[in-house]
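This report looks at a ligand site and at the two parts of the protein around it. The sequence and the structure come first.

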Amino acid sequence: MSNADFERILETSDEWIVSRTGMRERRYASDAQASSDLATHAADHALKRAGLRAEDIDCFIVATVTPDYQFPATACIVAANLGAVGKPAFDIEIACSGFIYGLPMAASFVRSGIFRRVMIVGVETLSRIMNFNDRGTSILFGDGAGATIVERTSAGADCFLDCELGADGSNPELLFVKSGGSRHPMTTAALAAGEDKVQMSGREIFKYAVNTMVGTAKLVLARSGLTTNDVNWIIPHQANLRIIEAAAKRLHVPRKKIVVNIENYGNTSSASIPIALSETIERGVLHEGDVILFTGFGGGLSWGSVAWRWSY
Ligand code: UT7
């Protein structure tokens with residue numbers, strides 16, 4: 001879905017979208033595809049790249065706000081699709097911070113010895129919950145999936161360096177889907193009012209985003225005994241190019257260290273960081289021992305940063 005496609009259905013322009021967000025295209029799942037289908041595809045790709053089979057994975061975590069069903073967990077369906085029936089599988093729902101929260105969770109399982117290998121997939125079919133009459137939200141979001149496998153390294157070195165996570169639920173309506181939950185069950189009137197779709201106060205979230213990303217990134221680096229000079233890659237949540245650039249400026253990190261793919265996918269919520277990580281691997285620029293800083297924020301509000309030393 002290109003900016004030109006939006007120009008045809010909304011009062012907007014390519015110039016406005018590019019200058020305010022950095023986005024040019026987003027990808028949408030076909031009508032036949034649900035989140036578990038995109039997640040299964042990404043999971044399969046990750047397994048092949050790692051030279052593993054589904055039965056080698058001890059636990060499946062899916063981060064999503066667009067599950068196949070309200071319940072059961074999409075992770076159960078993904079594991080079954082992969083042929084891993086019987087393995088533990090569960091979802092986490094913390095909006096765009098899903099992968100940032102899931103990564104330390106996976107690392108903790110591996111560190112503690114509870115599981116040897118944990119797969120974490122970030123997936124969204126946000127096109128299903130967009131209000132295409134609202135130019136303030138519909139142009140921003142896309143569909144996608146990214147999968148990672150966290151395992152104990154052969155050398156036994158600890159690759160998970162540190163994390164700082166946070167949340168403030170005092171204003172959930174800053175970014176939410178109003179109806180369909182226990183507070184406002186779905187009604188015909190709610191449907192007619194578009195309350196099954198995303199609503200957002202973009203400007204407020206913008207300010208929050210930069211402050212929380214920068215604040216948590218600084219804390220995580222300081223506690224890991226690192227400075228931004230030691231960081232090889234920053235992989236931020238892809239919500240808005242201006243947010244990413246403002247955070248990079250305040251962290252004094254050169255642009256070439258920051259992974260940005262927002263122009264191709266828009267904001268894919270919990271999928272944005274694992275997709276960007278996957279593309280960084282494909283570019284062949286991620287080397288053994290590189291330090292990666294993952295940082296993000298989203299609905300909740302929620303936010304966090306994770307420092308990671310890369311090892312294959
Ligand atoms: O993963 C977390 C999810 N959320 C976010 O990351 C959102 C963070 N916020 C943002 O990225 C930005 O606030 C937006 C991109 C959503 C909006 O950019 P902005 O520079 O904050 O614009 P604004 O909301 O202050 O709106 C400025 C103007 C308004 O018109 P008026 O009131 O000044 O006449 C909007 O109605 O731009 C208008 N506008 C648009 N115009 C053309 C809003 N959306 C559009 C649009 N095309 N698509």
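How far does a polar side-chain atom of tryptophan 16 lie from an oxygen atom of the ligand? In this predicted model, the separation between these two atoms is 3.4 Å. The table sets this pair beside two further polar pairs, in which the ligand atom is a nitrogen.

| Residue | Protein atom | Ligand atom | Distance |
|---|---|---|---|
| Threonine 12 | polar side-chain atom | nitrogen | 2.6 Å |
| Tryptophan 16 | polar side-chain atom | oxygen | 3.4 Å |
| Arginine 135 | backbone N or O atom | nitrogen | 3.0 Å |

On its own the ligand has 940 Å² of accessible area, of which the protein covers 75%. Two or more residues of the surrounding shell come from each of helix H2 (14-21), helix H6 (135-138), helix H8 (202-223) and helix H9 (241-251), and H8 gives the most, with four residues. Of the 23 residues around the ligand, those that come nearest are Thr12, Arg20, Arg203, His237 and Asn240, while the shell as a whole divides into 11 nonpolar, seven polar and five charged residues.

Because domain 1 (3-151) and domain 2 (160-309) both give residues to this shell, the ligand lies between them. The centres of domain 1 and domain 2, taken over C-alpha atoms, are separated by 14 Å, and 47 residues of domain 1 are in contact with 46 residues of domain 2. Between them the two domains bury about 3,500 Å², with 63% of that area on carbon and sulfur atoms. Of the area that domain 1 buries against domain 2, Arg49, Cys96 and Ile100 supply 18%, which is more than any other three residues.

Terms used
Residues are numbered from 1 along each chain as its sequence is written. This is a predicted model: local features need pLDDT of at least 70, side-chain atom pairs count only at pLDDT 80 or more; totals for chains, interfaces and linings use all residues. Side-chain values use heavy atoms; hydrogens and water are left out. A residue is near a molecule or strand if one of its heavy atoms lies within 4 Å of it. A polar contact is a pair of N or O atoms within 3.5 Å; within protein, one must be able to donate a hydrogen and the other to accept it, and residues adjacent in sequence count only if both atoms are side-chain atoms. Accessible areas come from the Shrake-Rupley method with a 1.4 Å probe; for residues, only the protein chains shown count as cover. Ala, Val, Leu, Ile, Met, Phe, Trp, Tyr, Cys and Pro count as nonpolar, Asp, Glu, Lys and Arg as charged, and the others, Gly among them, as polar. Domain bounds come from an automatic or database domain assignment. Contact means heavy atoms within 4.5 Å. Buried area is the accessible area (1.4 Å probe) that two parts lose on being put together, summed over both.
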